[in-house]
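Colleague: May I ask how the descriptive terms used for a structure are justified? I should like each term to be set against its definition.

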Amino acid sequence: MTDANRDDATVEEASQSSRAGRWPGPGLRLLLGVAGGLLAFSVAGLAVAELALPKSGRADESRIYDYVYASGKSENSSFVTANMSAGSRLCFGSSEFYISKDLVSMCPQAVFGESGSGVDMTYVGEGYDQSLWQAIAAGAYARKTTNKKVMLVVSPQWFFKGNGEQSKFSSKFSYSLYQEFCDNPDISDQTKAYVRQRAQALGVGTTELRAANGDTPLDRLNAVAYYQSDQLRLRSKLSNVISLAPKKSVLRASGESTGEPDWAALLAQADAEGAQRCTNNDYGVYDAYWEKNSQYDPEWYQNFHEADDEYADLACLLRVCKEAGLEPLVCILPVHGSWYDRSNVSQDERQYYYQRIRGICDEAGSAYADFSSCEYERYFLCDTVHPGWRGWVRIEESFYHFVNGTKDAFLGGAGYGSAEGLTSERATQAGEGA
Amino acid sequence: MSGKGGKGPLARSKAWLIDHAAGHGTLVAVAAGCLAFALLAVLLWFLVFSGLNGPVQFVYAGF
């Protein structure tokens, strides 16, 4: 080898050595850094999800979860159905579930939840959830519950002109429930198409709807991301839900059967408590509410005949129940008679609403608990909208009879005939036999 | 504002960063990784935990 050749070889080796020393280059190193960050984030995320967040399965069994009203509960069907009491039935509704023992001591949490009557109501839904939300929820929950009798609490204000508070649907939309609704094979394509079209019309994003319906392989991939992130969000709220669940009463924990509650005694108690809570107005509205809201009148000149979309959504909800194998009892809440008189909502308007709801139930072959005859029953409502002392007792009684397949003055439709209502001899009166 | 000739504080910082980045490739990669982690954490917090894009809440007191 000549000197010149030796020099060339040395230069080549130095060059290779230099290239090897710079590997990976700055660009690749940057890429590896970012990839490392993503990987670390994924690992940390999974670790936090597994170790720090409660799971959606069985929770502390010394508590009762059916009556908890809290954000993130109703959307988590796995948690709700895993923690339902044995004799409980799903009750789909909205803000009436907010009314608790503090205000109405004969609310379902007390009458059913603290006794051994063998019947419970598992609340699903929050304020502003209307028929379409309930339809999605019913489809999502149907396959996860063995008790197929359910109650749907329908509020008159859903059917105010302009379809109540439908504009809030997009913010109340639950991806998890919608995904589970779409995954329920018992629901027909026609019903799914209706719900999808309505959800889109009410502002839910096309990407989410496409994902849940699995339109393309990419949408199915999106669905995994949407569902898992939503489940993570729901799990992050479970600590609060669990902390709000009351401990089982001694009676409840003993498992002793107490039989049917004494409705007459409860009504007498309702009258006494109502009178004690309502002292500053003639409407049977509790004092604190009246002080704050006596000038607030969203019912002023309302009507019930400009809400065709909501009526159609209610029909869809009953269709979902039928297809999914649920047997619904539609609870028809009354309006507040004297308050609506003051608000200039005519009796014709009110009767139109009741009749239309009953018609939708009859068309679907669904039973209903019709409390329209209680418009003027003092203490049926505790404010101008929500069931109160007498109202909850009457709802509980009808629900109890529906679950046990017995007759009741307020039950109608689906083999019950027409609801006789308050004037019926069968309607429980306060203090009867007490 | 940086003046002509890169004498302003921003221009000086930029030059300093570029000089150091050229000589500390590994450090830059680690910083990029940390930044990616932090951005994803903020995104996850906003989308999942913050409640800032959550549903409208029913407030009974103001009903």
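Colleague: Where is Tyr379(A) found in chain A, and why is Tyr379(A) called buried or exposed?

Modeller: In this predicted model, Tyr379(A) sits in the loop between β5 (367–370) and α18 (389–404) of chain A. Its relative accessible area is 10%. Buried means under 20%, so Tyr379(A) is called buried.

Colleague: What makes the phi of Tyr379(A) worth noting?

Modeller: Phi of Tyr379(A) is near 75°, which is a positive value in a residue other than glycine. Most residues other than glycine have a negative phi. Tyr301(A) also has a positive value, with phi near 55°.

Colleague: Why is Tyr301(A) called partly exposed?

Modeller: The relative accessibility of Tyr301(A) is 49%. Buried requires under 20% and exposed requires over 50%, so Tyr301(A) counts as partly exposed. This residue lies in the loop between α14 (287–293) and α15 (308–324) of chain A.

Colleague: How do you know that Glu75(A) and Arg233(A) form a salt bridge?

Modeller: The N to O distance between their side chains is 2.9 Å. A salt bridge requires such a nitrogen and oxygen to be within 4 Å, therefore the pair qualifies. Both Glu75(A) and Arg233(A) are buried.

Colleague: Why can Glu75(A) and Arg233(A) be said to tie parts of the chain together?

Modeller: Glu75(A) lies in the loop between α2 (26–51) and α3 (77–82) of chain A, whereas Arg233(A) lies in helix α10 (residues 217–236) of chain A, so the pair ties together parts that are 158 residues apart in sequence.

Colleague: Which other salt bridge links distant parts of the chain?

Modeller: Asp120(A) forms a salt bridge with Arg252(A), and their closest N and O atoms are 2.5 Å apart. Asp120(A) belongs to strand β2 (residues 120–124) of chain A and Arg252(A) to helix α12 (residues 250–254) of chain A, with these positions 132 residues apart in the chain. Both Asp120(A) and Arg252(A) are buried.

Colleague: What makes Arg210(A) and Asp219(A) a salt bridge, and why is Arg210(A) called partly exposed?

Modeller: The closest N and O atoms of Arg210(A) and Asp219(A) are 3.1 Å apart, and the limit is 4 Å. As for accessibility, Arg210(A) has a relative accessible area of 32%. That value is neither under 20% nor over 50%, so Arg210(A) is partly exposed. Asp219(A), with 6%, is buried.

Colleague: Which residues are joined into one network by salt bridges that share partners?

Modeller: The network joins Asp271(A), Glu377(A), Arg390(A) and Arg394(A). Over all chains, a search of the whole structure finds 25 salt bridges.

Colleague: How many disulfides does a search of the whole structure find?

Modeller: The search finds 0 disulfides over all chains. Cys316(A), for example, has its nearest cysteine sulfur, that of Cys321(A), 9.5 Å away. A disulfide requires two sulfur atoms within 2.5 Å, so Cys316(A) is in no disulfide. At 0% relative accessibility, Cys316(A) counts as buried, and Cys321(A), also at 0%, counts as buried.

Colleague: Which residues touch the most other members of the largest nonpolar core?

Modeller: They are Phe159(A), Ile357(A) and Trp389(A), in a core of 109 residues. Apart from it lies another core of 9 residues, among them Tyr65(A) and Leu238(A).

Colleague: What makes the nonpolar surface patch of chain B, and why is Trp45(B) called partly exposed?

Modeller: The patch of about 600 Å² is made by Leu43(B), Trp45(B), Phe46(B), Leu47(B), Phe49(B) and Leu52(B). Trp45(B) lies in helix α2 (residues 25–49) of chain B. Its relative accessible area is 47%. This falls between the limits of 20% and 50%, so Trp45(B) is partly exposed. A patch member needs over 30%, and Trp45(B) therefore meets that requirement.

Colleague: What else describes chain B, and how many helices and strands does it have?

Modeller: Chain B has 2 helices and 0 strands. Of its 63 residues, 17% are buried. Chain B averages a pLDDT of 80, and 81% of the residues score at least 70. For the complex, the predictor gives an ipTM of 0.72 and a pTM of 0.86.

Note on methods. Residues numbered from 1 in each chain as written. Chains lettered and ligands numbered in written order. Heavy atoms only, no water. Patch = residues over 30% accessible without salt bridge, like charges linked within 9 Å, V, L, I, M, F, W, Y side chains within 5 Å. Areas by Shrake-Rupley, 256 points an atom, 1.4 Å probe, with all protein chains shown as cover. Helix = DSSP H or I, 4+ residues; strand = E, 2+ residues; numbered from the N terminus. Buried < 20%, exposed > 50% of the residue type's maximum accessible area, 1.4 Å probe, protein only. pLDDT = per-residue confidence, 0-100. Core = buried A, V, L, I, M, F, W, Y, C linked by side-chain atoms within 4.5 Å.
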